[in-house]
Amino acid sequence: MMIKKRLIVLLSLILVTTFSFNLKAQNVSSGIVNGKVVDELTGELLPGVSVSLLSTGKGVMTDKDGKFRIQIEGKNPVLVFNYLGFKKTSVNITGQTDIEVKLSQDLIKLSEVTVVVGYGTQKKREVTGAIGSVSGDQMETHPLGDINTSLQGKIAGLQITSNSGEPGAGATVRIRGASSVNGSSQPLYIVDGVPINTEIYSGGRVNDASTFSPLADINPSDIESVEVLKDGTASIYGSRASNGVIIITTKTGKNLKKPVLAFSANTSMTELGRTVGILNAPQWRSAYIDAIYNSTGQMTTKVSVIDSLHPYYSKSIDWHDIMYRQALQYKADVNISGGSKDNTINYYLSAGYKNLDPIIRETKYKQGTATAKVYYTFNKSISGSSAFNLSTTDYTRILSGLSGQSVVYQALSTMPVYNPYDPLTGNIIPLFEGSKPNPLAIAQLAANGIKRSRVFGNQDFKIWLTKNLRFTTSFGIDYEVGEMTNFTPLSLLPQGQLSRTSLQNTNSGSYINENLLTYKLTLNKSHNFNFLLGQSYQKYNNNAIELEGTGLADAQITTIGASSVLSYYNQSIAEHSLLSFFTRANYDYKGKYLISLVMRQDGSSRFGPDNKYGYFPSVSGGWRFTEEEWIKKLNLFTEGKLRGSFGVTGNQSIGNYSAQGGFNSNGTYLGQSAIILNGVPNGSLKWENTQQGNIGLDVSFLKDRVLFTADAYHKKTTDLLFDVTVPESTGVSTVPGNFGSLQNNGLEFTLNTVNIVAPFKWVSTFTLALNKNKILELPGNQDYRPNIYNMARVGQPVGVFYGLKALGIYSRDEDNIFIKNETTGEVLPYKQGSANGKVYKGGDVIWEDLNGDGIINDDDLQIIGNPNPDFIGGFQNEVTYKNFSLNALFTYSFGADVFNELKRNLDSSPIDQNFSTDQLRRWRKQGDITDIPILVKTDPMLNNAVSSRFVEDASFIRLQNIALNYKLPVGLVSRLKLTGATIGLSASNLFTWGAYTGYDPEVSSSANSLAAGVDRGSFPRSKSYNFSLNIKL
Amino acid sequence: MKFNRTINGLLSLLLVLGFSACKKALEFNPTTEYSNANFWKETSQATAALNGAYTLLQSALGPEGVYYGEARADNIALNLISLNTESLNLLTNNVNSSLRISNWNQLYAVVNQANLVIKNTKIMKDNGIYSNKLSEYNQVTGQAYALRALCYFNMTRLWGDLPLVTEPLKDATDDYYIPRSDTSQVYIQIESDLDSASNRLVATYSPSIYTKAQFTLGGVNAIYTDLYMWRHQYDKAIVSSQKIITNTANYSLTSLTDASVLDNTSYAKMFTTGISSESIFEIDYNFSERGKRSFYIQVYGDLGFQPAFQVSEQLMTKFSPNDLRAKIAFDDRRAINKFFEKTNFNRSQMDDKNVIIYRLSDILLLRAEALNKKKRVPEAIAIVNQMKVRAGEVALLPAYYNTLTENQIENLILDERSKELCFEGKRWFDLVRTGKAIEVMQPINGLSDPQNYLWPIYLNEIRLNPLLKQNSYYQ
């Protein structure tokens, strides 16, 4: 009610103001000056420029033709022209009655831009660390995206790989390569000063490849700026900063003298971006018959295969068409911001609603967000602020991955001869022969949902104890409740299995209190000091209740209460905390020589008593060489700075009780409680440590028309913290520990240029980041293999693919020659697995026999690919002409490989299913020359083993976003009583150029860099065409 | 100024509080699970940990035990409707280290849990926690020893030399690369564990289900018998089997004629409802305990359920027409339904059949084998006849069996074992133990090399532990 009343007041205020301006403009009397205002560069007439008399402050606005009439009085009258995006200009008009005023565009002096550096802000020119920064405007070109997709390609060295094309999808976010190898090596995210939960979560107790990011709870429209701390100066955030820090600042009503109401609406048509090639019915029949014949020597008797006229199996169904749709998505945002005239109070309030129906049928995604942010000044020495964000999400989804109930996989693997509907009755068929579920039936009958609500924000008070000494205390909260439900009905399960339902309820929060003292001091007008002393305590708790029930009576009531037996129930409560003390001292001499020292001590409850505390220092310095007289004389640079930093950061992402080990319940035996080992303790568990050195150069030329930033870094991480896979003879599969070390070396470049100024204006930003990573040390320097695809080996990049190398396909049986005795003609062939193994025949893969023993086995495994890209970046362009603007963002990644497990699953044929179109090239008879082996059901010769056959180049260039916006002419806008309106058309993910044959080359099945780059069939990415409308009141 | 002073005061207070709260602020113990600090403090916890070992055994052998003991032998055949990588490769003797079934992880999980119980109960006893509760201590540790012996015995029969782990991993920094020990070492360990178990265990528990589904002295003697037979120590096997046979109060043969409907006889119910008079040790599965199942339906059962296996022709021909056991074991469509109710079987809630590890018939027939080797043929045949007569067949007469050689009688006993114990995870070990695996399996799947008897060590395990060497056949 309060807000509503306030809104009305604000609205009336806006209207009154607008009218009063109009009235004044028409108020004609003597001493009148006529004039027009034009853009100095383009000569364009400028409407809506505020023109006021300096002495009285009274003013008018230019009309749609850029003309104005104003009454003047007094001696030496001076008119002040003020227009957003142009320099404020004063003109003495003594004796003139008709003037033309040229305004020059205000290219914001980049060195004046303020950036957030953690516990405070700095002018960009004073920054000594490597910090990337993106403004909210730059993110708005991607209206329906989330923060992750909006940041892609915009900051050099920031690699964001979405895990899937689902709304709210999790992403693997890396700053300067993989510096940790544990599961959750995400950067630390700080929103308005509060570290928020960003731990990627999965959708319940099901076999599913989908993951979700809590970052989706933030509405990108509310973001003012994003800063990325990339180097060692991030040590101000100590223990959680080794993967970098991403600082998000939301919008405020600062410096707004009058309230602004902004409304935006976006509608989008979304469809599948790329498809994967699978066989149609005739192609599949032929392949299937081969597969069975080659396995058993007999013709298959499967009716669906041999009877192509059978009413059930006579059609060729394209399951992509059945399962994917064109979905209509929309999003609406409204926000009001403003402040009091004296700037003692300002506010920003927003509400947003998203309805993103995903491209797979029967799914729905809805999200509502709201923000309130208020600053207030009590008196000269006390001020405060409150910022709160709300988000609630309701997602009705399907499962992805490679499981039997994965719609994504079943859409590919379901045989094309199956008809989703019974051709006789028209009813949906839940299960096909061999108990294969119909993906359409899964989408319709299974129920998987995520509901979550979250509130995060903080309250702070600032007290100036003296003029230069400020005390800040803040309390922040991040609290969320989530409910994951999954139901699989009886009709989708093989005969006699049980319908099951599960419920996972989580309730988690973190609470933080921080107390800061900042002190500013200037000596002799040239020595500037800035001190920070702070203390922080953050406590996290997580309370999860998981229930799984089986044997529901029907598919009507699918909640947990309907199950006949609870097959699993558990509650787990986990808590941990961080206690930190930190200090920073910044010094500069006349703004020319800069130095900054940081020290942070973090204590974590996760480590044992001897290793609780970690120390994270950093030192950085800068030299603004353009302040030197002799360089000024060169008249070459607008601004230039050399930077250098060295710092230590840490990582503590390991289980809360890993140091302690534990035992937990494993159900019952004979009705009695059963408890088993849950984790081997590690008393000496300690902080992971990253040391990073960075040198950088910021330089701008030609009045800031060219801004170039370059950074070079060396980063070394030691005592890598992770749950390492151990031999199973220990009785456990992993133990927590600090194992090994690795390094990342890289270069980053950012080039901002104003390419053309007028009449077109073309601004572009090009980013490029090169990173090389290498494992330096492992326990016993032995190879470590967390799964069957990836490995860690000293001297190699993290997570390289490891397998057999295919050299081709044996064309004929007799081509398999290991050793041929030239005199007798006797041939010793290559064998599979062991000296007693089977002999490879025509159609089998020719594997490289690395050790030359004639046996293809584990000794012949080699590195067959690298999931880490050589270089990544983006190219963002904005072209404006009159009221039109065109934005285009390209992102690119080169040099990474993907392991196409999705294809391997399709073609290795463990169960009856469709195959990839590779099978059109399969070896069929002696003498065939091809790259695809013979198709044999169950693959006894292991032709589909993990090998180079499934490693593909993941390099791509993507037209991530292209947007054309039209700003309605001021005349029209003001007639509509608006202050601004823009309509736009845009397309996201329109083209991806790359050789990868899967859904998308951007693959991230696991946030764990040791298990990266394996395509396990996640929800495919979509492309969308959007229409947007933005109105400002 | 006054105001400032107040603030300063508050600040200092905050800092002091901050520092003093330091220690507490960074200490959290788990609340929904046990940590090492609060476990092994009460005897009930040790008992729960022992039950934990049984739940791990449930996962290790249901239905993996079927794959280990039957999939490479001649009692079963592939169900062509259901081709899966595991069953197909085992049946065709294309055993390779990529097969998940070649992973010993679940059996080692039981070993580790037993190690934890053995080690920690000892400490608890030394700390007086078991004072006045010595029998409880003996019961818990005795069973842990027996479980460890059972797992090592099963594993050495499959993989030969084994990493002998008898101490739990105390800390993640302990050495976890353990090389394989020679089978002779493994046998010594198994015997020593069995000795420890038999010194501690009693013959019965109450209620009776505990006697059958937990390790008793009888269960330990069953492992002894099996082990001695495996090692061809026939005299010892005769002694240990004798101990079971004489315990008639606990162990007696079931009947095939004690009900008008075959499905209701105590013999049939031995497999469907479990906990029979004949049972010596079986793993209990109970659907009402969190939906626990042994998943026999994945490997056996009505062909509509698409099980991996059906009965082999070789086995079918062994049964004479009067043999009632054939009617229990499989149906006309060759579906193996020995473990399932022939009518009203509801897969979704009745797939919790107990996995029988040892029962009296098994021990009797092992004893018969030993007696034959010791030239006590009439006694051996008496046992075979006991089986035959119960099944409705005629007993063998001396006029017939006196003409047979020792080897022929061994074959006769093995055939009887096939008929009696088919699908119970025994046949492969019978063939290997008696050295008849190649003779029997070569015509079926081409098995030709005794080195091939052992299973390969799982690929991942070899990759993770550089000290492991693959079994020679698979190198």
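1. Let's begin in the loop between α2 and α3 (64–70) of chain B, where Pro63(B) is found. The peptide bond leading from Gly62(B) into Pro63(B) is cis, and its omega is near 0°. Please keep in mind throughout that this is a predicted model. Chain B also has a cis peptide bond between Ser206(B) and Pro207(B), with omega at about -5°. Pro207(B) sits in a loop too, the one between α7 and α8 of chain B. As background, most peptide bonds are trans, which is a good reason to look at both places on screen.

2. While we are on backbone angles, have a look at Tyr119(A). Its phi is near 50°, a positive value in a residue other than glycine. Where along chain A is Tyr119(A)? Tyr119(A) lies in the loop between β8 (114–116) and β9 (121–123) of chain A. For context, most residues other than glycine have a negative phi.

3. Another positive phi turns up in a hairpin of chain A. The strands β20(A) and β21(A) have five residues between them in this hairpin, and Asn343(A) takes a positive phi near 65°. The two strands, with β21 covering residues 345–356 of chain A, run antiparallel and are joined by 11 bridges. One pair to find is Gly338(A), whose bridge partner in β21(A) is Tyr347(A).

4. β20(A) has a further partner to follow. How many bridges join strand β19 (residues 260–272) of chain A to strand β20 (residues 327–339) of chain A? There are 11 bridges between β19(A) and β20(A), and these strands run antiparallel. To locate the pairing, start from Ala262(A): its bridge partner in β20(A) is Asn335(A).

5. Chain A also holds an open sheet of four strands, in the order β3-β2-β5-β6, with antiparallel pairing. Which strands are at the edges? They are β3 (59–61) and β6 (89–92) of chain A, each of which pairs on one side only. On average, neighbouring strands in this sheet are turned by 20° against each other, direction ignored. Within the sheet, strand β2 (residues 50–53) of chain A is joined to β3(A) by three bridges, and the two run antiparallel. There, Ser50(A) stands opposite Met61(A) in β3(A).

6. Stepping back, the domain assignment divides part of chain A into domain 1 (26–103) and domain 2 (110–259). Taken over C-alpha atoms, the centres of domain 1 and domain 2 of chain A are separated by 43 Å.

7. Back to chain B, for its helix pairs. Two packed helices are described by the angle between their axes and the distance between the axes. Helix α6 (residues 134–159) and helix α7 (residues 183–200) of chain B pack at an angle of about 155°, with their axes 8 Å apart. That angle makes α6(B) roughly antiparallel to α7(B), and α6(B) passes α7(B) in a left-handed crossing. Residues making the contact include Asn138(B), Tyr145(B), Tyr152(B) and Phe153(B) from α6(B), and Val186(B), Ile190(B), Asp193(B) and Arg200(B) from α7(B). By class, the contact has nine nonpolar, seven polar and three charged residues.

8. A second helix pair is formed by α15 (residues 360–373) and α16 (residues 377–390) of chain B, whose axes come within 7 Å and cross at roughly 155°. This makes α15(B) roughly antiparallel to α16(B), and α15(B) passes α16(B) in a left-handed crossing. Among the residues that meet here are Leu364(B), Leu365(B), Ala368(B) and Leu371(B) in α15(B), together with Ala380(B), Ile383(B), Val384(B) and Met387(B) in α16(B). The classes in this contact are nine nonpolar, three polar and two charged residues.

9. Finally, how do the chains come together? In chain B, 81 residues are in contact with 76 residues of chain A. Elements that give two or more residues to the chain B side include α1 (2–25), α2 (43–61), α5 (105–126) and α21 (459–464) of chain B. Which element gives the largest share? That is α2(B), with eight residues. By class, the side of chain B that touches chain A has 41 nonpolar, 29 polar and 11 charged residues.

Technical notes. Residues numbered from 1 in each chain as written. Chains lettered and ligands numbered in written order. Predicted model: local features only at pLDDT ≥ 70, side-chain atom pairs only at ≥ 80, totals over all residues. Pairing = 2+ DSSP bridges. Axes fitted to C-alpha atoms, helices over the stretch in contact; angles between N-to-C directions. Contact = placed C-beta atoms within 7 Å. Nonpolar A, V, L, I, M, F, W, Y, C, P; charged D, E, K, R; others polar. Parallel < 35°, antiparallel > 145°, perpendicular 65-115°, else oblique. Left-handed = near helix turned anticlockwise from the far one by under 90°. Domains from an automatic or database assignment.
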